[in-house]
Amino acid sequence: MKRRTLLQWGATGAVTSAVPHFSLAMSRSPQYDYVLTASEQTLPLVDGGLTPGLAFNGQFPAPVIRAKQGKPLRIHFINKLAQETTIHWHGIRLDNAMDGVPYLTQPPIKPGESFDYEFTCPDAGTFWYHPHMHSIEQLGKGLVGALIVEETEAQNFDREVILGFKDWRLNKDGSFMPLSEPRHAARAGTVGNIATVNGKQLPVIDVPGNASLRLRLLNMDNSRQFAISLGEHQASLLAIDAMPVVPRSLTTQDLAVGMRLDIGITTPAEIGTEIAVYDVKGRFYQKICSLRVSDVLRNTPPPPPKALPPNPVSEPDLSNAEKLSFVFEWAGAMTPVTSDGHAMNEFWTINRRAWSSMSHENLPEPLAELRLGKSYIFDLYNATPHGHPIHLHGLIFKVLKSDKKDITPFFTDTVLLEKNERAQIALVADNPGQWMYHCHVIEHMKTGLMGYISVS
Ligand code: C2O
Ligand code: CU
Ligand code: CU
């Protein structure tokens, strides 16, 4: 049954439809908007055999969770995994107690236990959800999903297409290769060998012609960095990490781990026309999926995509902001053993500190303590030869400038720092709590590049 459901999803292009389609997979109960269960699940990813993955509600792609801007969202989460977990709602400015970080914001959810997440989403846009424990394994094996917050007023698109990117490290028979190798963890991260979009290799997704589409791209991979282009096809960039930008023509746009892009396009009228989505590496365009016109929606093309309404993010007061600086460095040390007897590598540091595993009794000090309501400017310096998508929970920040590229200031929850790049970001510390602050290359955060900021 589960297998058939998955195959049907594949055949219809599943997550691409704009109609609510989660009724198939989501159980609704009067008490909760969603019931979400994490468990072991074999997944049909390669021809050679099933993959012993982990999945939400027994499926990959995971159910798309939809919420309304400004309205509460309730999720009853059940842990049917063999290990502890927590679920984090990436990019949502929520109540700290709902942020899903073990020890810092809640106790780990034990196997067999459940936890009710309930929060309001102040911002609309494309977000995602994932565990915040045993992340290399839990995310690497499939526990990643899209969380869409709909604008209070409906936007004028004929259709939306969710493109969730995740690569896998698989042998021919579908079994997993090691998800992390120290020599890669100490560099750019261990990348997968099977690239998928919505769980399919190089999918061709049917779309209507003469239609306006909202593409929602999500990089839910553990390590891979994309640079997105639609080639010759005219496309407008509408939002970065759920935060609307003044629409501009898409050339090549970074989509590092954890990041999302909303892109508006108008499809051509000719049935069979394909629009490819590429990952650009230098001069090389690698196709990752394509959209194919399968029928025609109307006789004349729709008007071009309009700007999305802004989210209610506070503008930092730059003239009164306090300055803090954060240096991300490569340490390259190997600590012999952790308390549970495992060798643990510590390769990365923030301000000379590597994160070491925590518990309730053993919480490290915050990297910074911010005063509620005050504006801050962070000076970020990546003193390493590798890229780091730096992510902050619970707060949205504005990227002001960089010494490596021209920046039109934009709001975001994750900023990619290229090798040796220095950037300035600013924020208003308007959400109280302890907020994780880490690189989203999962192996980097697990080997030191992680900390938290406290706002009170
Ligand atoms: Cu996707 Cu700590 O976050
Ligand atoms: Cu997050
Ligand atoms: Cu990193």
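**Cysteines.** I started with Cys439 in this predicted model. Cys439 has 0% relative accessibility, so I put it down as buried, the cut-off being under 20%. Next I checked Cys121, and that residue is buried too, with a relative accessible area of 0%. Then I searched the whole structure for disulfides and got 0.

**Copper site.** I looked up what holds the copper ion (ligand 2). The protein donors are His88 and His391, each through NE2, lying 1.9 Å from the ion. I traced where the pair comes from: His88 sits in strand E6 (residues 87-90) and His391 in strand E25 (residues 388-392). They are 303 residues apart, so I noted that the pair links distant parts of the chain. Are these two histidines buried or exposed? I find both His88 and His391 buried.

**Core.** Right after His88 I went to Trp89, one of the residues with the most contacts inside the largest nonpolar core. That core has 95 residues, and Leu217, Ile228, Ile263, Phe326, Phe378 and Tyr437 are also on its most-contacts list. I noted a separate core as well, with 28 residues, including Met220, Trp355, Ile442 and Met445. Back at Trp89, I skipped residues up to four places away in sequence and found that Trp89 touches, among others, Leu36, Ile65, Tyr117, Phe119, Trp128 and Leu147.

**Ser39.** Last, I looked at Ser39, which I place in strand E2 (residues 32-46). Its relative accessible area is 16%, under the 20% cut-off, so I count Ser39 as buried. Beyond its neighbours within four places in sequence, I see Ser39 in contact with Gly53, Leu54, Ala55, Lys80 and Leu81.

Methods
Residues numbered from 1 in each chain as written. Chains lettered and ligands numbered in written order. Predicted model: local features only at pLDDT ≥ 70, side-chain atom pairs only at ≥ 80, totals over all residues. Heavy atoms only, no water. Donors = N, O, S within 2.8 Å, 3.2 Å for Na, K, Ca; no water. Helix = DSSP H or I, 4+ residues; strand = E, 2+ residues; numbered from the N terminus. Buried < 20%, exposed > 50% of the residue type's maximum accessible area, 1.4 Å probe, protein only. Disulfide = S-S within 2.5 Å. Contact = heavy atoms within 4.5 Å. Core = buried A, V, L, I, M, F, W, Y, C linked by side-chain atoms within 4.5 Å.
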